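Below is a colleague's note for a reader who is meeting this structure for the first time. The points may be read in order, with the structure open alongside.

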Amino acid sequence: HQSSEDDLSRASERELLSFEADMARLSDATMDYWSNNAQVKFPLLGKVVLKYLAAPITSVPSEQAFSQA
């Protein structure tokens, strides 16, 4: 069990280092970047990014959601 956790930790570390190298070459890491190619290149980071950085979908316009009706 510990070995699989260590393997996952090392894989995550490798992805993070590779991502940092990509970011040094790119101007920004947009959702398009993650949707189009980064999920394949960085499968572990991609799951985290899409889960936590994606804007939630809503059918209520933002002005209506934040207005004091």
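1. A salt bridge is taken here to be a side-chain nitrogen of Lys or Arg within 4 Å of a carboxyl oxygen of Asp or Glu. Under that definition, a search of the whole structure, which is a predicted model, finds one salt bridge. The partners are Asp-7 and Arg-10, whose closest N and O atoms are 2.6 Å apart.

2. Both Asp-7 and Arg-10 belong to helix α1, where they sit three residues apart, or about one turn of the helix. As for their surroundings, Asp-7 counts as partly exposed because its relative accessibility is 40%, and Arg-10 likewise counts as partly exposed, at 45% relative accessibility.

3. For the overall layout, the protein chain has four helices and zero strands, so that, read from the N terminus on, its elements run α-α-α-α. Of the 69 residues in the protein chain, 13% are buried. The chain exposes about 5700 Å², and carbon and sulfur atoms supply 57% of that area. Among contacts in the chain with a separation of 6 or more, 29% are accounted for by residues 24 or more positions apart.

4. Glu-15 deserves a separate look. Is Glu-15 buried or exposed? With a relative accessible area of 10%, Glu-15 is buried, because buried means under 20%. The residue lies in helix α1, which covers residues 2-25, and although Glu-15 is buried it has no salt bridge, the nearest side chain of opposite charge being that of Arg-14, 7.9 Å away. That distance does not meet the criterion, because a salt bridge needs the nitrogen and the oxygen to be within 4 Å.

5. What, then, lies around Glu-15? A polar atom of the Glu-15 side chain is found 3.1 Å from the backbone nitrogen of Leu-44. If neighbours within four places in sequence are left aside, Glu-15 is in contact with Phe-42, Pro-43, Leu-44 and Leu-45. Glu-15 and Leu-45 are 30 residues apart along the chain, yet the separation of their C-alpha atoms is 7.1 Å.

6. Turning to the aromatic residues, how many aromatic pairs does the count come to? By the rule used, which asks for ring centres within 6.5 Å, the count comes to one aromatic pair. The rings are those of Phe-19 and Phe-42, with centres 5.8 Å apart and planes at 90 degrees, and the pair is therefore edge-to-face. The pair links distant parts of the chain, since Phe-19 is in helix α1 whereas Phe-42 is in the loop between α2 (31-41) and α3 (43-52), 23 residues apart.

7. Both members of that pair are covered to the extent that the burial criterion requires: Phe-19 counts as buried because its relative accessibility is 16%, and Phe-42 counts as buried because its relative accessibility is 1%. Phe-42 is also one of the residues in contact with Glu-15.

8. A last residue to inspect is Ala-38, which lies in helix α2 and counts as buried, at 1% relative accessibility. Leaving aside its neighbours within four places in sequence, Ala-38 is in contact with Tyr-33 and Pro-43, and Pro-43 appears among the contacts of Glu-15 as well. Measuring from C-alpha to C-alpha, Ala-38 and Phe-19 are 8.6 Å apart in space, while in sequence they are 19 residues apart.

Note on methods: Residues are numbered from 1 along each chain as its sequence is written. This is a predicted model: local features need pLDDT of at least 70, side-chain atom pairs count only at pLDDT 80 or more; totals for chains, interfaces and linings use all residues. Side-chain values use heavy atoms; hydrogens and water are left out. Helices (H or I, at least four residues) and strands (E, at least two) are DSSP runs, numbered from the N terminus. Buried means under 20% relative accessible area, exposed over 50%, partly exposed in between (1.4 Å probe, protein chains only). Lys and Arg count as positive and Asp and Glu as negative; His and the chain ends are not counted. A polar contact is a pair of N or O atoms within 3.5 Å; within protein, one must be able to donate a hydrogen and the other to accept it, and residues adjacent in sequence count only if both atoms are side-chain atoms. Contact means heavy atoms within 4.5 Å. Rings of Phe, Tyr and Trp (its six-membered ring) pair if their centres lie within 6.5 Å; planes under 30 degrees apart count as stacked, over 60 as edge-to-face and the rest as tilted. Accessible areas come from the Shrake-Rupley method with a 1.4 Å probe; for residues, only the protein chains shown count as cover.
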